[in-house]
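Colleague: Please show me the model, and let us then discuss its architecture.

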Amino acid sequence: MSTATLTAPAEASRLTSALLYLDDIRVTFDGYRALRGLSLTLAPGEMRAIIGPNGAGKTTMMDVVTGKTRPDTGTAMFDGRHDLTRLDETAIAGLGIGRKFQKPTVFESHTVADNILLALKGPRGSAASLFGWRNRVEAARIDAILETAGLVQHRRRPAADLSHGQKQWLEIGMLLAQDPKLLLVDEPVAGMTDAETEATATLLRRIARDHAVVVVEHDMAFVRALGCRVTCLHEGAVLAEGSIDSVSADPRVVEVYLGR
Amino acid sequence: MTGSRLVDGKGAVFLAVLAAAAVLVPVLNLTMPEGSPLHVPTYLVSLLGKYLAYALLAVSLDLVWGYCGILSLGHGAFFALGGYAMGMYLMRQIGPRGVYGNPVLPDFMVFLNYKELPWYWHGFDIFPFAAVMVLVLPGLLSFVFGWLAFRSRVTGVYLSIITQAMTFALMLAFFRNDMGLGGNNGLTDFKDVLGFSVQAQGTRVALFVLTALALALGYLVARAMTVSAFGKVLVAIRDAESRTRFLGYRTEHFKVVAFTVSAAMAGVAGALYVPQVGIINPSEFAPANSIEAVIWVAVGGRGTLVGAALGAVLVNYAKTMLTGVLPDAWLFALGALFVLVTLFLPRGIVGTLIERLGSRRAKARLPGPAPDALAPELAEEGRGS
């Protein structure tokens, strides 16, 4: 909303030009070290794919960024001035970080259109919801988002009736409605057919035109289709980073993740 | 979307039945001669009024349980607080007509050697003050309780247990004589309400009509809340609270607002109940009462509002019938009812009817599986979020 009108003092108060800045993040669960000094930066508008074996800390990283998990130590800055380690989920979502979960999580008893309605960017207070603009949203605005997500003909169906792939798209559509500065997308094509996977890659590339996106994914063909920088995590830290070709050629990545 | 209008099909039926009752019951009571088969005796008017007060309590409970997944096992406490606020007003109206003839102190205070009126009794001789307190006392308690519980993210069974503990603690407190609220015996022997004798036929009829109006108003308030975007957020919280947070909603605020409105509504129900039954005592805080209210809502169909009201009336009618014949069997019957409804009618009466109608209409349009909205808050717990 205000990115276009950033004033000089606000610019000066930024500690980093990166949109997301993670430095030496450490998280321990009951003695298990899920993140062991993870450092990662993401430029505004950048798209990034995160790969890595199970237990590498991909989902924990998203939990730290979205406020679900508080790191033991480390720095997590958003937009150069918001310390994510001090904020809760709601406040972080309010800053403009949206998240899509691994397992599709939509509001099952709401219609597809109402799922989008709830996600639409705008005041989210209880009074605003009782009396405010969210009660007078034009159907066309919701349909435009559903069009992008390929769900416009399903707008009146309860979200529970959608197929697995459609739920994934609905959740991506909700992120679009939320219009965050940064989208975190966890395994968007798990369980999808090849055609659905391809459609999802197209959808994400389209979103990445005006949003920063972080995608966690196992499917290497899908990651290649995204055509962006790749970071490989291993045992809670960054193992390799670069183009898909350089990362997949890295002998350490081959060793721990891709296999010989 | 047909379900998002303020008054939908089932709401129109409900309001029409309520309006018909509010007209017919007084007419049949006041105009029909005593022996006529159409005559509604005055005791029955008050009994029906009591059912409607319970129905309002059920609607208030459905607002938080059916739409927001807050299974309150202590809603009877808000009902009782509203009842006590009204009871205190009615006590002050007795004036010098008490057994001891003290113009200021109610009988139980004279009996317990009170020298002056406790500070919290001041103002209750003024009806508008008492009426405001009917809303404020339960509202304040629920606000503070809800704020602490929801901010600490207490949900599911844990929340249910502490609501139960809350009403139990209040019951023990109100049983004490030095609470200054009549202890064990509570508040009773009322004479007047707004200058009209509480025993008079006309007053009883008026109280019945007022209760019907309050129920209609309570229903409309709850309905307006649930069809708004606010209500959609409540359902989102019920189905997936952590997801709602990641979407940027401060879920605890929504829960506190719904809980407070619901508690104030329960307080109004209690205030209308007290003059019609003629007594309020600490047993109204008994945990069993709150659980009974939950069963009314489950029987009628939670998340439907109309079902909650219907369940309250039906179960209480059954209670009146059964306790007349087999007084000891009631609790067993209630328990069995809850088990049977949970097993065979999980959506309750109205929920099942809506589902039947909906699936018949859906069959005409496009075949598809029925939405599975069974016990969504339990599913949420299972997800361990």
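The exchange below concerns domains, a sheet, an interface and an annotation.

Modeller: This is a predicted model, in which local features need pLDDT of at least 70 and side-chain atom pairs count only at pLDDT 80 or more, whereas totals for chains, interfaces and linings use all residues. Residues are numbered from 1 along each chain as its sequence is written, and chains are lettered from A and ligands numbered from 1 in the order in which they are written.

Colleague: Which helix of chain A gives the most to the side of domain 1 that touches domain 2?

Modeller: Chain A is divided into domain 1 (17-96 + 180-259) and domain 2 (106-178), with bounds from an automatic or database domain assignment. Their C-alpha centres lie 25 Å apart, and 10 residues of domain 1 of chain A are in contact (C-beta atoms, placed from the backbone, within 7 Å) with eight residues of domain 2 of chain A. On the domain 1 side, five residues come from the helix that gives the most, H8 (residues 194-208) of chain A.

Colleague: Which strands stand at the edges of the open sheet in chain A?

Modeller: Helices (H or I, at least four residues) and strands (E, at least two) are DSSP runs, numbered from the N terminus, and two strands pair if DSSP finds at least two bridges between them. Six strands of chain A form the open sheet, with mixed pairing, in the order S6-S7-S8-S3-S9-S10. Each edge strand has a single partner, so one side of each is left without a neighbour in the sheet; these are S6 (97-100) and S10 (237-242) of chain A.

Colleague: At about what angle does helix H7 of chain A run to S6(A)?

Modeller: Axes are lines fitted to C-alpha atoms, for helices over the stretch in contact, and angles run from 0 to 180 degrees between N-to-C directions. Helix H7 (residues 164-178) of chain A lies across S6 and S7 of chain A, and its angle to S6(A) is about 175°.

Colleague: How many residues of chain B are in contact with chain A?

Modeller: Helices H3 (89-95), H4 (112-119) and H5 (126-131) of chain A each supply at least two residues of the side that touches chain B. In total, 26 residues of chain A are in contact with chain B residues numbering 27.

Colleague: How far apart are the end C-alpha atoms of residues 205-235 of chain B?

Modeller: The UniProt annotation "transmembrane region" (unreviewed entry) covers several stretches of chain B, including 205-235; such annotations may be inferred rather than shown by experiment. Over residues 205-235 of chain B the chain is 97% helix and 0% strand, with an end-to-end C-alpha separation of 38 Å.

Methods:
Contact = placed C-beta atoms within 7 Å.
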